Amino acid sequence: MGPRRAHRLARMPDLSRDDVAHLASLARIDLEPQELDRLVGELDQVLGAVAQVQEAPIEDVEPMSHPMPLVNVTRPDEVRPSLTPEQALAGAPLAEEQRFSVPRILDEE
Amino acid sequence: MTTTRDDAVLGYDEALAQFDPVMGLEVHVELGTATKMFCGCATTFGAEPNTQVCPVCLGLPGALPVVNAKGVESAIRIGLALNCQIADWCRFARKNYFYPDMPKNFQTSQYDEPIAFDGYLDVEIPAESGEGTETYRVEIERAHMEEDTGKSLHVGGSTGRIQGAEFSLVDYNRAGIPLIEIVTKPLVGAGHRAPEVAKAYVSALRDLLRALDVSDVKMEQGSMRCDVNLSLRPKAGEDPTSDAQLAVPMGTRTETKNVNSLRSVEGAVRFEVCRHAAVLTSGGSILQETRHWHEDTGITTSGREKSDAEDYRYFPEPDLVPVAPDAAWVEELRATLPEPPAQRRKRLQGEWGYSDLEMRDVLNAGAVELIEETVAAGATPQAARKWWLGEPARRANTQATDLVTYADQVGLTPSQVAELESMVVAGRLNDKMARQVLEGVLDGEGGPTQVADARGLELVQDDSALEGAVEKVIADNPDIAEKIRGGKVQAAGALIGQVMKEMKGQADAGKAREMILAKLGAA
């Protein structure tokens with residue numbers, strides 16, 4: 001393992017139309033061409049605002065993933081009661097055969 | 001994206017004449033903990049759908065995961081057994097992806113801080129000379145902790161509630177069960193033996209995990225699963241371990257998912273070698289993609305292309321604090337490691353006095369543990385081997401199952417085999433009768449003594465009956481008797497056979513021989 005690397009980004013490059021299309025596909029959002037055009041501008045502005053954070057002087061600051069310096073919080077391997085299937089499925093928009101029913105994603109499995 | 005089933009393949013030898021294979025193996029092992037990795041739900045296999053789920057493993061808002069201590073312990077023991085370094089500090093990470101088998105929209109895994117890294121496992125393959133074995137060192141890149149996903153059941157429109165729609169039905173009982181993913185470094189230098197090395201590695205890993213008692217490692221139930229990465233590069237000479245060969249850049253790889261038997265691991269490597277070679281020799285290039293293995297036909301087909309859609313946006317899991325195993329605890333766990341399987345096999349072979357060939361048969365039959373227990377129950381190693389590799393191994397083979405599973409099904413135990421042998425040693429049964437008794441036990445007629453009693457199988461201990469038979473046979477065969485008197489001792493065999501017939505098999509052939517020779521003054 002290498003040393004924990006500080007992830008500091010240089011000045012964020014401008015967001016491209018392809019970047020937005022890629023993000024949309026990752027998020028499974030269908031966007032019309034004109035929506036893409038609009039979002040490129042809007043998201044770029046948002047990123048610009050967030051980019052100000054990068055001006056903070058963090059040269060000597062270790063990256064932090066947790067606010068508390070805790071380690072090794074564990075529990076013993078002992079079974080605790082689960083929900084009933086009725087409780088588990090109560091929030092599901094659709095259920096069948098005691099299972100969550102979701103839109104099928106083709107070409108996988 | 002192509003899903004053709006008729007990809008061209010080159011013959012294996014032809015492929016290996018031109019290319020050098022490089023493999024990478026990823027093995028997922030479900031731990032045998034009582035509860036899931038981050039919540040207290042049970043992990044019982046085959047439970048009714050969605051009966052082992054809670055807000056944590058369903059990813060409900062506000063639920064807080066807590067690490068299963070036993071899961072961490074098992075991960076460290078596996079790392080140590082694989083000769084890995086154990087991280088003194090590491091974190092979990094979220095692997096983000098959008099697929100309904102994980103209700104959280106991410107899988108809790110480890111990214112660039114695995115709990116164990118830089119290890120190796122030495123595996124043995126039969127030497128090319130046919131004598132003994134040779135060792136191949138499989139370098140381990142990492143072993144990290146993560147969680148299993150839910151199980152999807154795909155159903156067509158006819159059973160869905162919305163006309164014409166297609167649904168997947170998801171059961172989250174498996175979601176959150178602790179998994180250890182063990183990843184090798186690129187395995188180079190195996191040359192044409194790559195398929196055998198892959199199989200030997202997965203087999204050795206399975207033995208090791210079983211010895212560690214961390215998983216039931218049932219490949220057929222999916223508690224151990226293997227992904228096979230393979231690429232080819234041009235061959236630089238006849239020695240796959242030469243510097244010149246190792247300097248050749250690696251080719252584009254494919255990843256064949258869910259190869260779930262030892263035979264399939266070997267088959268998947270072999271098939272991809274032949275397929276890659278066909279693509280490359282015809283001037284094509286390999287598409288970096290996921291492929292599916294088909295157990296029935298022994299081929300792979302294209303799955304999804306590895307594209308930029310696989311952008312998991314890993315980041316440290318904020319709901320779980322880092323794992324920092326105490327060095328003293330790690331050493332304590334190291335002290336609990338079992339004897340490495342390969343070393344154990346060598347020790348047992350020495351103790352039992354088996355030849356290499358005998359030991360290989362025992363290993364192939366998966367009979368090591370059974371013989372060990374049978375010997376512990378009082379039988380000699382040779383007798384234990386003879387009985388287990390006889391009828392039980394034959395029947396297990398006929399039923400396409402392994403010996404341990406078969407013995408378990410019919411209820412044949414090592415102590416019964418030892419009991420059977422003790423009846424032979426005590427002179428109650430001869431070899432042929434003992435075989436009949438064993439068949440009776442396998443047919444469910446009870447233990448050896450019970451079967452022998454019920455079938456009336458018992459050597460006649462009363463010498464007068466045997467004596468009568470011997471005298472009768474000698475009288476019936478004056479010519480042979482004369483030969484024996486004249487010193488042709490080997491002619492006694494013909495008389496022994498007739499005596500045994502007279503005795504309906506219920507006699508000790510050795511004793512019959514002694515008696516014949518004594519009566520004819522040839523002893």
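This passage describes a sheet, an annotated region and the nonpolar cores of chain B in a predicted model.

A good place to start is the sheet. Strands of a sheet pair through backbone hydrogen bonds, in either a parallel or an antiparallel sense. In chain B, an open sheet is built from 3 strands, arranged in the order β5-β4-β15 with antiparallel pairing. Its edges are formed by β5 (106-109) and β15 (315-316) of chain B, each of which pairs on one side only. Strand β4 of chain B spans residues 93-96, and its antiparallel pairing with β5(B) runs over 4 bridges. Within this pairing, Arg94(B) has Thr108(B) of β5(B) as its bridge partner.

Turning to the interior, nonpolar side chains tend to be buried together in soluble globular proteins. The largest nonpolar core here holds 87 residues, and the members that touch the most others are Ile115(B), Ala143(B), Ala198(B), Tyr201(B) and Val228(B). Helix α3 of chain B, covering residues 194-212, gives the most to this core, contributing 9 residues. Ala198(B) is worth a closer look: leaving aside residues up to four places away in sequence, Ala198(B) touches Met23(B), Leu25(B), Val228(B), Val265(B), Glu266(B) and Val269(B). A second core, separate from the first, comprises 50 residues, among them Leu412(B), Ala434(B), Val451(B) and Ala512(B).

Finally, an unreviewed UniProt entry lists residues 369-520 of chain B as "domain: Asn/Gln amidotransferase". Over these residues of chain B, the chain is 71% helix and 0% strand. The C-alpha atoms at the two ends of residues 369-520 of chain B are 48 Å apart.

Terms used:
Residues numbered from 1 in each chain as written. Chains lettered and ligands numbered in written order. Predicted model: local features only at pLDDT ≥ 70, side-chain atom pairs only at ≥ 80, totals over all residues. Pairing = 2+ DSSP bridges. UniProt positions renumbered as here; feature names shortened; annotations may be inferred. Core = buried A, V, L, I, M, F, W, Y, C linked by C-beta atoms within 7 Å. Buried ≥ 20, exposed ≤ 12 C-beta atoms within 10 Å, placed from the backbone. Contact = placed C-beta atoms within 7 Å.
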